[in-house]
Every structure is written in C-alpha cells, then in structure tokens.
Amino acid sequence: MNRRGSGLGLFALLVYLFLYAPILVLAALSFNESRSSALWEGFTFAWYLKLLQNAQVMQALRTSLIVAFVSTVFSTVLGTAAALAFHRHRFRRGAAIEALFALPIVVPEIVIASSMVLLFAALSLRLGLLTVVLAHVAFSISYVVVVVRARLAGFDRTLEEAAMDLGAGPWRTLWTVTLPLCAPAILAGALLAFALSIDDYVITSFVAGVGSTTLPLQIYSMVRSGVSPEINAVSTLLLLATSLLLLAAHLLERGKPARLCAAPAGLGLALLAGPFLIGGPAAAAGEKVLNLYIWSNYIAPETLAKFEARHGVKVNVDLYDSNEALLAKLQAGNANYDVVCPSNYAVAILARQELLHPLDLTALPNLAHVDPAFLDRPHDPGNRLSIPYFWGTTGIAYRKSRTGPIDSWAALWEPRFKGRILMLDDARETLGIALLLSRDGHGVNETDERALRQAKELLLVQKPLVRTYNSADFDQVLLAGDVWLAQGWSGQFARAMDEDPDIEYVVPKEGSSFFLDSLAIPRGAPNPALGHAFLDFVMEPEIAAEICMTMRYSTPNRAARALLPAAIRDHPAIFPPPDVMNRVELLEDVGDATVLYDRLWTEVKSAR
Amino acid sequence: MRGAIRLVGVGKSFGGTEAVREVSLDVAPGEFVTLLGPSGCGKTTLLRLLAGFETPDAGQVLISGRDVAGLPPHRRPVNTVFQHYALFPHQDVAGNVAFGLRMQKRPAAEIRDKVARALDLVQLAGYEARRVDELSGGQKQRVALARALVLEPEVLLLDEPLAALDAKLRAQMQVELKNLQERLQMTFVFVTHDRDEALIMSDRVAVMNAGRVEQEGAPDALYDRPRTRFVADFLGVRNLLHVRVLRIDEGLAQLEAGRLRFAARDDGGYRAGAETWVGVRPERVRLLAEGASEAGAEDGVVEDEIYLGDRTDWVVRAAGHALVVAESARGAQPRGRGERVRLLLPPEAVLRLADGDGV
Ligand SMILES: Nc1ncnc2c1ncn2[C@@H]1O[C@H](COP(=O)(O)OP(=O)(O)O)[C@@H](O)[C@H]1O
Ligand SMILES: [Mg+2]
C-alpha cells in the first residue's frame, strides 16, 4: 500500500470510529454491573434478564416489530411499484412528479406528523396501530422510491429488451430480469424502511394511540427517570439483529450462495422473533379493556394485574413523556383512552377545552382517603374532572461531602460551584426560582412582565456557572458525580438518595413549587364506568401505598401514608415536613403568560 | 417462406431525425444479409424494427410472409444478438442460454439437452456454471449467440456482434459465424460498419446512408461496381473525381478533371458535355517510371508513402490532383518523396458514380 493509500485508510478508520463509537459504548454499558454510566463495576447479564421480565418493554418491542414489518412490506411493494412506473413510462412533467416523491425526505418531520394527525382526525380514524402503520408506510415510501430509482437509472435497458426478445412478455420480463437485478436496491430500500420505522419517534408520538406504544416512545418516556442499562440492553439486541440482517443482505448482493446467507438472516430473525416467543398476555377476543395513557414508571405491572383480576378486564398501557404530547393526542379527538394522567396545569387546559369527562363523585368513595390539601385546587375546583394521583416538590439535591449543607436557592448562584451546577431545562421551574429569589416577593405563578424580565436577568447572571440544563436524567448526572448541585423533582431524587447516601435533598427556605399529577377520564372515553372503577381503585389505601412503595413518588392519600414503612413515610424528599409544605406553591396554568415564559427561557438558553 | 423477410417502404423517425427512410429490402430464406454503413446511418433502428422494439411510421414489415405489425417482440419468430451482448448478470451461462426455453415452458430434460447442444455449437461446453462476468469478450459473444440460436429462430438478427473483439479473435469469429450460418441454413441479418467484415461474410450486402439503402448486391458485384459516390467511398474507392465529359468515341468517354485528362470505358451512362463523378480504386491505377511513354500517362510527383505491410499506398500529385496509388508489396519499388513518376488510369478501371444522396 502506498503512503497516500494508508493515509486514506487511516482516515476511513477514524470516520468509522466516529460513527460507531457511541454504539460500542452503549453495547459495552449494557453489560456494566453499575447502573451509572460513569463507572465500570464488572460484567453482567443482569440487565438482559431484567429486560426479559420487563413486560412493558417487551410489549413495546413487539409493537415496534409488528409496525416495522408490516410498514416495510407495504412501503417496499408500493415504493418499488412507483419506481418501476417511473422507469417504464416517461410521464409528462415526470421530473416534477418524481421530485414530489422525495419531498417527505426533506420536509421537517414535525410538519408531516401534525398534518397526519389532522388527516386521521378528518377521516375520523381512531389513533392506534393502524394509524402508526399508515404513517410509517407513508414516510418510508419516499426512501424506497429514491433508492430503487437510483438503481433503475443505471439499469441497462437492453437487458429487458433481451428478455422480451427471448420470449418474455412484459410481466415475465419484470419478474425474471428487472426485479432480480433491482433486488439489492429493493432490499436496501426495505432495510432502510425497516430501520426508519423502528427508529421513528416524532411522527409516531403524534399518531400513536391505544396499544401502539413503540419502543422509541417507551424509551423516551423511560428516559424521564434516567437512562437505564435495560434500554442499553434492548438497543444492543436490536442493533445486533439489524446488523445480522444487513450482513445477510450484503452477502446476497455479492451473489453468495443462499446457504451462507441463511445463517445470519436466520439468527437475526430469531433475535427479532424472541419477544414474540416469550409472549405476553394478549387481550382475548371480547374481553373488556381499560386503555390507560400515563407517564412511564407511574404504575407497576403488579398493581395493574390486581385491577385486571378484580374486574376481569385487560389494562392496556401506553406511555408519553410530556404534557404537550398528551394535550396533542386529546385535542386530535380520536385517541380512545379511558384514563389519562395530566399534570395540574394540563388539567386546567383540558378543562377549558372541555376535553375531560365530568366525574361522578358518588362512584369514587375512596376519595375520602385523600388529603384535603390536594383537593379543590384552582385547576379543578370541586374535583369535578380529576383526582390527585402523585405529587412532588422541586428542590435542590446536592452532594454534601463537596458542598456542605445547603438551604437556599442562592447556592446555585455561588461562584465557588462554577461548573458543578445543574438546572432543569424548563421555563416554569427556572424562572420560578428566579422569581422566588427576587426581593419583591413574587411567586412561582407570576405573570407580570417586568418581574419576569428581572427573573430572566438573574438567570443570565447564573448562566456561566451552570454546567447543563437537563430535565430528563438530572438525577443520573448527579449520581455520576458530574455536578454537585442539581435542581430537580423529589421523586427521582428520592431514588438517588437510596443509591448514594452522600446525596441530600432540600426544599430551600425561599420556598418552591410543587406539582400534582392527576388522573382523569377524557371526553369520549369508550368505557367511562371502568375508568371510574380504576380511579377509585388507585385511591384504595392499600393500593395507593403499594404504588408509592414501588414508584417512590409522593402519594396524596392520607390513609395510604399510614400504611407505609417508616423509612418511606418519614423520607424527607418523599414526604417533606409540614413547614416545608407551608412554603411550596402549586404550579398553576399561567394562561397567556405561557408564551412570555417560553420566550424568556429561549432567550436565556440562546444567550452567550 | 419460413425465414424470408420483406421490407416495403419502411420509415421511422425520432422527433426530427429520420433514422430510417423508405427502406425496401427482400431477404431470402437462409440468406446472410449484411447492413453496412457508418455509425448513425440507421442500421440498429432497422434491426429494432425487425425485432419489434420500434414500430415503423410508414411501410410494412413481413417476416416469413406474415405482416408483423402490432406483434410485440416476444411473439416474433426472430432473436437478436445484441451489440453489447446484454447477458443477464444474475444468471450463469446455462441460465442465460436456457432463458428463452424456460419462457416457452419446455420440459427440464429438453432444456438441459438443448442448452448443452447450443453451448457445444459455440464451443463453450463445460462453461455451464460460469458467471457471465467471469467470461472474456469472445466467450460472452458466444454465449449471446448460443442464447439466441438455441430457440431456432426463423431469423437471427446480429447488431455489430464482433465490434468489441480484438482483430484476431474477430477474424476467427467471422469465419466461425459464417460456417455456422451455412450449416444451420438460418436467415441472418447482420449489422456492421466494417467493410471487410461485410464482404467476407455476406451473401448480400445492403449499404446504408442516412437512413436509406443506397445499394445492395452480392459482395463481389458491389465491390466491382459501386453505383454512388458514397458507396464507392465506403468500399475503398479512394480516388473520387468530379469530371466533365468531353466527348464519346469508339466506346471510350473522354473525361477532364481540371488539367487531368483520361478516358473511361463507356457504359452508356456518359453524355458529352455533362458533368459527373467517377472513381478509381488505388490498386487499379498503374505507376510507371519517369519517361515511360505509355499512351495517356500523366506526369506526377510522389508526395507521400503509406506503408501497410502487404502493400504500399503512394500519394502522387498529377495535374493538380492528389491521387492514391496502391502497389502490392511484391511489385513495389523503393521510391522517395519528390520522385518523378508517371501514372496511368486504365479506362476499364474508371467507375461512373451517381452523386451522393442522388442515387
Ligand atoms: N431512441 C432514439 N431516440 C432518438 N433518436 C434516435 C433513437 N434511436 C436512434 N436515433 C437516431 O437515429 C439515427 C440512427 O441511429 P441508429 O439506428 O442507432 O444508427 P446506427 O446503428 O447505424 O449507428 C441516429 O441519428 C440516432 O441518433
Ligand atoms: Mg448501431
């Protein structure tokens, strides 16, 4: 090899490294005994075993694979047919029509996503597996067309003429010559379609409905409570399976004998088929179903199993990762859920838009067990639309060996912690504490523009000290030791404290906000009676205690609290003492000021 | 009539270009006919009209006595050997040869048998399982031939099948192909732009120019008596002269081209006072030593020498014309540039030609 050749070789190697390093790290971490990504504590298969037992992840994987297979088959067939049509016939304005086919590739995904939601709503199609498959077919067709078309453009037409000359009619020419010669491109297009479908988040999150939580949706909603090694494990398996399929495709393309290609193809397919073999309880025909749309890590499968057993029904769980996703889904009006879990301000928005089903309080006797402090709040006077489910405070968690005791939000402005501070990536929460720190006594629900501008200035002063804005896995960043102080929510910090005794949680003396997530029944729910039964079920003291035990979020259920073990009942992060409760304020819907909050927050984040 | 072809006034244009104009041609069963002409003269288009890949704008195409208008390629009793072979890259040699038989849904045993025989015919026995991209140019050529022959078509169309081969292999294939055709008694329509190839192989040659067949005939007749300036030029009549007929006497036409005067055997086509084109083959011009006193000889000066191995072409300037004279290697004497010579145009060597497109 000459010098120039070896230089290029090195360059190629670096490019590959750049491309694949993250994947290799991910694969390696899936075997790491430690939950935190910072430390290597030894090799383990534990996460893979845990993965197999995680019914929700397995269900999401199954859904993803079904969607990917079906949409790949359809988009490949349709895309190939379209490419062939362009190849065979020269259309008038053919170039323009072809360009239209490539459009979905360049149009922002979010535009496609929202237009599809509108289309499905206009067709009054229920959001669900069907709409997800339709959407995936629609966006993958373009890729298949482009890939197959590229192959056909370089196609030697005399080969088709030779076939006709030898007695093959148009169809047999297609089957015996054109398609076999395009097979590598068709296969490449199919693989691309499959990969796109397996990967897609944005469009899927818009058009998904009952029973169509795909793996990316599941992962996104799980990330809210930290990237877990289980996710690494499932990604690694998926990667391995697709690599094997790609290898098989490559061998096929090189004209290797089918025997040789069968091994990787078979192995890849077997890996993908795994989740189906392990199986899961599918709803039997005619069985009653409760469709639950909720944040991940908000209810344990065991708890759901109890409800299923008691009522002889099946509970279908779909996940989301932001109130905005929930709002979009319910506003589209064709989602089909029986119970949803909006935060308090989202309840207010949904109430204004009359998207919630009025509750029949006589069917909810267990409401009596709920602490009145959480009832009859401004977002839902008289609890006519929602019941409280979980709550939590916003505070500072800190590594006490590094920082010493902390009791004020002002600590987050101290220069000696430069580069060791994490703030939530959230307009309401960050501007909220800046408002609390101002001397004029503003609260976290302030709507006055001048006060908000001053709060923004305060955040700009703080910005050079902040290492990162993060509201997904802030607890993990703190556990990993990258920051010493983190603003965040109590539930996740409670779990972090269990893992690392050096971590302390405080609701600062200036006061803070707290959130309240509620359960509600959407207007048009297929089974509101069963929805009521579910709401009443989770307010049973034993059940509420179990949910709090398993999920570590604070329960508003007074009777349940009495049933909890002391370690949790007196946990300072989960159940703060009364003086703390006196200085926290519920985040309310700020109406028109929401836009101002968002704009100021964008200004903070984009400032240099 | 099996294997006969009749073209009647066939025309085909693409947009503005008339690729084929008013072509009429008859081919007898078992005949080897060659379409000869420079690139772009419409040979391939004519072949594609026969194969059914193009539909004529005008005229009639009859194959084996049947009008094939509206008959798609896969229903025509012809097969084609394509210019660049067009072998199927996703199939091996046997798969390529068996393709047509499979389309006819013949029994497997018969297919195997016929494929073996066809490969035998083109001397590729034992190559059944080879991938086509592992074959040399000559071998590909043979596979393409076997693939078409195995169907025993009434007519075989060959579009410059030897153009991509090197000179030696090409000469060898020319002979093989001709022998094969004679053995099979199959009608061949062969396309080439190579004059020698056409003359060696064909029973009859049709010379094409700008979409027309300008002249057709047996190779020797064509060679001896080209009728137009274009055909003469294409067949190697290098000395083309525009002449005026001075007078006609005693069976000789006295001609004048500028200062050059010479006579031609009158074939009845000359008219005193008229102008016309004539041609003389270089090998028919005689070169004499300076001072030779042959009647009608002209003085000239050697301007250039082109050595071609078996013969030498001299460019001689005489009476203001640069004429090419060929001498066979044996007869040639050493001559230098600037040497004075005399040259003689024998009357029987002078060919009267119609002008270019005029016919
Ligand atoms: N499909 C076509 N579209 C437009 N012009 C064509 C097409 N096929 C042939 N021609 C034109 O017709 C003329 C004859 O072409 P062709 O039959 O291929 O000539 P040859 O085979 O003698 O080289 C050329 O001028 C060529 O450019
Ligand atoms: Mg041609």
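Mentor: A polar contact is a pair of N or O atoms within 3.5 Å, where, within protein, one must be able to donate a hydrogen and the other to accept it, and residues adjacent in sequence count only if both atoms are side-chain atoms. By that rule, 6 residue pairs, both members at pLDDT 80 or more, are in polar contact across the interface of chain A and chain B. This is a predicted model, in which local features need pLDDT of at least 70 and side-chain atom pairs count only at pLDDT 80 or more, whereas totals for chains, interfaces and linings use all residues. Residues are numbered from 1 along each chain as written, chains are lettered from A and ligands numbered from 1 in the order written, and side-chain values use heavy atoms, with hydrogens and water left out.

Trainee: Which parts of chain A supply at least two residues each of the side that touches chain B?

Mentor: They are helix H7 (157–165) and helix H8 (170–199) of chain A, helices being DSSP runs of H or I with at least four residues, and strands runs of E with at least two, numbered from the N terminus. H7(A) gives the largest share, 7 residues. By class, this side of chain A has 10 nonpolar, 4 polar and 4 charged residues.

Trainee: What makes B:Arg48 and A:Glu161 a salt bridge?

Mentor: The term requires a side-chain nitrogen of Lys or Arg within 4 Å of a carboxyl oxygen of Asp or Glu; the closest N and O atoms of B:Arg48 and A:Glu161 are 2.8 Å apart, so the pair qualifies. The rule finds 1 salt bridge across this interface, while a search of the whole structure finds 44 over all chains.

Trainee: Why is B:Lys178 with B:Asp203 called a salt bridge too, and which parts does the pair tie together?

Mentor: Their closest N and O atoms are 3.2 Å apart, so the pair meets the cut-off. B:Lys178 lies in helix H5 (residues 167–184) of chain B and B:Asp203 in the loop between helix H6 (195–201) and strand S9 (204–209) of chain B, so parts that are 25 residues apart in sequence are tied together.

Terms used. Nonpolar A, V, L, I, M, F, W, Y, C, P; charged D, E, K, R; others polar.
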